[in-house]
Amino acid sequence: MSTSSNIASSPPNGTAMTWQDIIETKINSIVAIKFIRPFNFETETRGTAQATGFIVDASKGIILTNRHVVSAGPVVARAIFNNHEEVELKAIYRDPIHDFGFFKFDPALIKHTKLEEIELYPEGAKVGIDIRVIGNNAGQKVSILASSISLIDRNVPELGEMTYNDSNTFYIQASTNGSGGSSGSPMINMAGQAVAIVSAGLTKASTDLYLPLDRVKRVLECIQTQSAVQRGTIQTTFQYRSYDEVRRLGVSETVESNVRRDVPSGIGMMTVKTVLPDGPGHAAGLEEGDVLYCINGKTVAHFVLLEEFLDSSVDQTLKMTIVRGDTVLDVDVAVQDLHALEPSQMLQVGGTTMTNLSFQLANYYRVPVSGVIANWLFCILEDASVVKPYLIKSINGKAVANIAQVIDVIKTIGNNECVPVKYFHISEYYDNSLIDGSIKISHLWNQMALYTRNDDTGLWDKVAITDLPPARDIEPTNVIFPAIVNADVAKLESVVHSMVKVKCMIPIFIEGNINRVNSSFGAIVDAERGLVVVSRETVSSTVCRITITIAGSAIIPAKLLFQHPTFSYAIVQYDPKHIGTTKVKAIRLSEKALEAGDSVRMLALSRYETPVCLSAQVSNILPIEAQSFEPPRWRSINAEVAQLDNPTATNYGFGIIVDENGDAQALWLEYIKSKKVMGVGGLAVQALIPALRALQRNEEPEPRSLKIEIAPITIVRARQAGLSKERSNELQSTASTRSQLYQIKRIEALCKAQGVLQDLDIVVSINGRLARTLEDFDVQFTSQSLEMVVLRDSQEHTLQ
């Protein structure tokens with residue numbers, strides 16, 4: 001443990017040290033910490049963040065920071081010193097309930113920084129002393145905040161559900177107005193000692209809250225001497241309340257006088273705030289509102305003494321004297337190992353992570369510390385709405401109370417086998433709000449593995465679970481479509497029997513995708529080969545797992561065959577053998593293109609998969625306008641879709657637009673317009689035909705592309721850009737419903753067109769044909785080369 005002798009010497013001539021002197025001597029002890037959490041774990045979400053830490057043992061390379069930085073689960077972290085030298089960190093301790101933890105680094109790896117340490121001095125936290133907080137405030141290195149301590153006995157704040165919440169300690173308060181990145185910063189006194197550590201801030205005030213260092217110092221001494229860190233609990237949370245409040249709870253004048261005599265610096269006593277069911281406090285008969293008087297005959301009116309008793313009595317029994325109303329009671333309470341109530345193992349299965357329920361979460365929701373909590377359950381449940389952590393009640397009809405039982409159950413389930421699951425959110429523990437669902441676990445993308453925390457290496461040791469049953473053969477399912485009651489829909493029965501539900505699960509976030517599960521409907525375009533057309537926004541990644549649901553009764557696997565490079569559609573395939581004798585139909589593709597003013601009908605499926613028929617007219621045919629994205633992701637470009645005058649159509653993400661004969665003229669598909677806005681429109685079926693015919697010939701579609709993005713431009717605007725009068729007359733004399741040309745907006749980097757075409761070129765003709773519509777550009781998909789006439793700098797250029 002460092003002492004004050006580690007502080008740099010005072011300035012010459014015996015002058016007192018200034019804050020500048022102190023900061024200069026301690027600046028190399030304070031580091032910025034950048035860390036990554038690869039998994040959701042307990043109250044922590046995966047992602048990257050930054051914080052602050054400070055060296056408390058230079059010879060051993062021990063850094064103190066917050067628990068929510070060290071993290072309860074796996075973490076990858078680096079420390080950055082004041083001179084920007086970096087070193088890898090490993091997590092060696094995180095406290096079960098208080099907001100502190102320790103990283104460790106190898107001091108031998110530090111070549112350019114003189115390592116200094118900061119002494120922990122919890123006794124130095126006094127109201128009114130001047131302090132400085134040095135850290136990574138708001139991401140700015142070496143941010144220095146000045147203030148004075150205003151409170152040293154503040155109760156811990158409640159920070160909300162599904163986040164870290166401290167308990168059974170005082171917090172220190174000071175108006176330092178810290179922000180993100182300052183977590184873990186030391187509160188330094190005039191002697192250069194740390195008297196507290198930044199833990200939380202109040203968003204509606206300039207007040208920050210600091211964790212006292214009493215327990216921190218004790219744990220550090222255990223780590224330095226390689227002793228076991230004992231932390232005890234009775235699964236009971238206490239709250240400090242002033243004497244006037246505890247008098248109203250029944251504390252007599254005699255008891256108050258005794259406490260005031262034994263603890264003259266105190267202003268109150270501790271009361272029981274919560275008692276967890278099935279815990280030692282509950283078993284001993286403690287109740288909320290009880291006032292703690294003595295432990296083993298000694299007056300206890302401070303959290304430090306309470307925790308000293310708990311930490312020194314693990315697996316022992318304490319005699320607690322409490323005041324309940326006007327009665328003084330003695331109760332014997334068994335003390336548990338607090339570390340045993342924190343998950344040190346994590347099961348990863350099918351993209352979902354599962355752990356035993358932690359004391360941290362159980363304490364916030366006042367539930368027993370028992371059960372299995374699953375993060376990202378939707379990865380195996382395939383329900384995009386299930387995003388919160390849920391407690392698993394049973395899998396495949398078997399109750400599970402810990403991850404060992406989960407492993408035993410999953411070992412009996414075949415790959416991609418669908419089994420029932422019952423689960424509920426922890427906040428609904430007392431509501432009996434069980435949710436019924438089904439899970440399908442795939443071991444293709446995510447190997448089932450058990451991770452165990454290793455505090456010696458700072459890593460989580462992985463043990464792959466390989467003794468799993470193989471995938472079971474898919475038995476053909478015969479489905480009978482329900483009778484159609486609506487007379488208008490019944491006339492289009494064959495179209496209805498072509499619509500299926502398509503669900504796509506993306507196991508990893510790639511290609512700019514932000515959703516793990518997408519679901520919509522599609523249309524069978526070849527029943528013999530099992531070909532289905534669906535929006536590319538549904539099948540948005542090439543790395544995916546796809547299922548097809550027919551008539552809401554049969555779920556079968558499918559695979560991706562084709563994604564169009566610019567149009568918002570994809571083609572997937574199921575094995576027709578899996579649906580037995582089910583009488584599905586393929587839509588008939590019309591040869592007539594849609595035009596504005598056409599009367600049509602649109603067939604769609606409701607959220608309950610019942611057919612809906614809408615009558616409408618084509619109000620317009622417009623180009624898709626989709627913003628570019630950061631990070632980049634696919635979006636539909638160089639395409640136009642039909643808009644319908646029936647506003648109800650926009651309620652559906654998929655539909656089939658048919659003519660009076662029931663032939664499909666367009667598919668009503670979703671496309672992304674911006675980060676938060678989806679659009680819908682009718683994509684002409686003619687856009688599907690080239691890829692569909694290739695697949696029917698057992699060939700892989702290979703549409704060629706100029707790899708450019710174009711947008712319509714009016715003839716007037718083209719004239720202003722230099723289009724000649726002769727060319728303008730030619731355009732006007734040509735029969736067309738469009739008075740426009742197209743201008744190049746973007747060219748893909750490193751493509752062949754980049755050296756020939758330029759941004760803002762106006763395309764006049766392609767292979768001798770005026771480029772008036774987007775269909776005129778379709779020749780690019782089947783041609784090896786093109787002759788294009790473009791308008792550039794008021795001159796026409798012929799390009800190959």
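Here is a short conversation about how a few residues in this predicted model earn their labels.

User: Let's start with Ala449. Why is Ala449 called buried?

Analyst: Happy to explain! Ala449 has a relative accessible area of 0%, and buried means under 20%, so the label applies to Ala449.

User: Where does Ala449 lie, and which residues does it touch?

Analyst: Ala449 is part of strand S28, which covers residues 449-454. Setting aside residues up to four places away in sequence, Ala449 touches Met346, Leu347, Gln348, Lys462, Val463, Ala464 and Ile465.

User: Now the cysteines. Why is Cys504 in no disulfide?

Analyst: Good one. A search of the whole structure finds zero disulfides. For Cys504, the nearest cysteine sulfur belongs to Cys544 and is 4.0 Å away. A disulfide needs the two sulfur atoms within 2.5 Å, so this pair does not qualify.

User: What makes Cys544 count as buried?

Analyst: Its relative accessibility is 14%; the cut-off is under 20%, so Cys544 counts as buried. Cys504 is buried too, with a relative accessible area of 0%.

User: And how do you know that Arg215 makes a polar contact with Asp311?

Analyst: The contact joins the two side chains at 2.7 Å. A polar contact calls for N or O atoms within 3.5 Å, so that distance fits.

User: Is Arg215 buried or exposed, and in which helix does it lie?

Analyst: Arg215 lies in helix H3, residues 214-224. With a relative accessible area of 8% against a limit of under 20%, Arg215 is therefore buried. Its contacts beyond four places in sequence include His98, Phe100 and Arg231.

Key:
Residues numbered from 1 in each chain as written. Predicted model: local features only at pLDDT ≥ 70, side-chain atom pairs only at ≥ 80, totals over all residues. Heavy atoms only, no water. Helix = DSSP H or I, 4+ residues; strand = E, 2+ residues; numbered from the N terminus. Buried < 20%, exposed > 50% of the residue type's maximum accessible area, 1.4 Å probe, protein only. Contact = heavy atoms within 4.5 Å. Polar contact = N/O pair within 3.5 Å; in protein donor to acceptor, adjacent residues only side chain to side chain.
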